[in-house]
Every structure is written in C-alpha cells, then in structure tokens.
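Here is a short tour for anyone meeting this structure for the first time. Have a look at the sequence and the model, then read on.

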Amino acid sequence: MMALTTDTTGWPYRRHRATLESVFAARQMSAPWALCSSITQEETAREWLT
C-alpha cells in the first residue's frame, strides 16, 4: 500500500484514479468518505455540470 506522504499530483489520471480506488477498497472506506464518479468523455462531463 502507498505511504500517506506519497505525492501523486504528477501521476497520470488513470494511475491516480486506480490508486484511489484500491485504497478505498482495501480500507473498506464509506461515508463520510466518498470517491466520486469519474468519466473521461467531455460531453458527459459538460452534462453533469449543467
């Protein structure tokens, strides 16, 4: 598992997202923690924001 002090800001999106998903699953995280839905289609993202 990744150390809590690892800087992930320079990672590609897919690696960053996969790491977050694995942390949530491994720690069985739930409310108040939430991993928001994710998409890569710009048109769908625009729909979410309107």
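The structure holds zero aromatic pairs, a pair being two rings of Phe, Tyr or Trp (its six-membered ring) with centres within 6.5 Å, called stacked if the planes are under 30 degrees apart, edge-to-face if over 60 and tilted for the rest. What does sit over a ring is Arg 15: it lies over the face of Trp 11, at 3.7 Å from the ring centre. For that label, NZ of Lys or CZ of Arg has to be within 6 Å of the ring centre and within 35 degrees of the ring normal.

A word on what you're looking at: this is a predicted model, in which local features need pLDDT of at least 70 and side-chain atom pairs count only at pLDDT 80 or more, while totals for chains, interfaces and linings use all residues. Residues are numbered from 1 along each chain as its sequence is written, and side-chain values use heavy atoms, with hydrogens and water left out.

**The overall picture**

The chain has two helices and zero strands; these are DSSP runs numbered from the N terminus, with helices (H or I) needing at least four residues and strands (E) at least two. The C-alpha trace spans about 35 × 30 × 15 Å along its principal axes. How does the radius of gyration of the chain stand against that of a compact globule of 50 residues? The chain has 13 Å, whereas such a globule would be near 10 Å; the radius is taken over C-alpha atoms, and the globule rule is 2.2 Å times the number of residues to the power 0.38. Of the 50 residues, 10% count as buried, where buried means under 20% relative accessible area, exposed means over 50%, and partly exposed is in between (1.4 Å probe, protein chains only).

**Around helix 1**

Before helix 1 (13–26) comes a segment that includes Thr 8. Thr 8 is buried, at 14% relative accessible area, and its side chain makes a polar contact with the side chain of His 16 at 3.1 Å. A polar contact here is a pair of N or O atoms within 3.5 Å; within protein, one must be able to donate a hydrogen and the other to accept it, and residues adjacent in sequence count only if both atoms are side-chain atoms.

Does the length of helix 1 fit or clash with what its 14 residues should span? It agrees: at 1.5 Å a residue the expected span is 20 Å, and the end C-alpha atoms are 20 Å apart. That expectation is 1.5 Å times one less than the number of residues.

Inside helix 1, the buried residues are Arg 17, Thr 19, Val 23 and Phe 24. They cover an arc of only 160° around the axis, so they sit on the same side of helix 1; the arc is that of the directions from the helix axis to the C-beta atoms. Turned away from that buried side is a face carrying the exposed residues Arg 14, Ala 25 and Ala 26.

Arg 17 has a relative accessible area of 17%, so it counts as buried, and its side chain reaches the backbone oxygen of Cys 36 at 2.9 Å. Leu 20 and Glu 21 also belong to this part of the story: Leu 20 is in helix 1 and is partly exposed at 32%, while Glu 21, found in helix 1 too, is partly exposed at 40%.

Here are some pairs set side by side, with their separations in sequence and in space.

| Pair | Apart in sequence | C-alpha to C-alpha |
|---|---|---|
| Glu 21 and Leu 35 | 14 residues | 7.6 Å |
| Leu 20 and Leu 35 | 15 residues | 7.8 Å |
| Ala 45 and Ala 25 | 20 residues | 25 Å |

Ala 45, from the last row, lies in helix 2 (residues 42–48) and is partly exposed, with a relative accessible area of 27%.

**The loop in between**

Most residues other than glycine have a negative phi, and most peptide bonds are trans. Gln 28, in the loop between helix 1 and helix 2, takes a positive phi of about 50° although it is not a glycine. Gln 28 comes just after helix 1, and at 69% relative accessibility it counts as exposed. Pro 32 has its place in that loop between helix 1 and helix 2 as well, and the peptide bond from Ala 31 to Pro 32 is cis, with omega near 10°.
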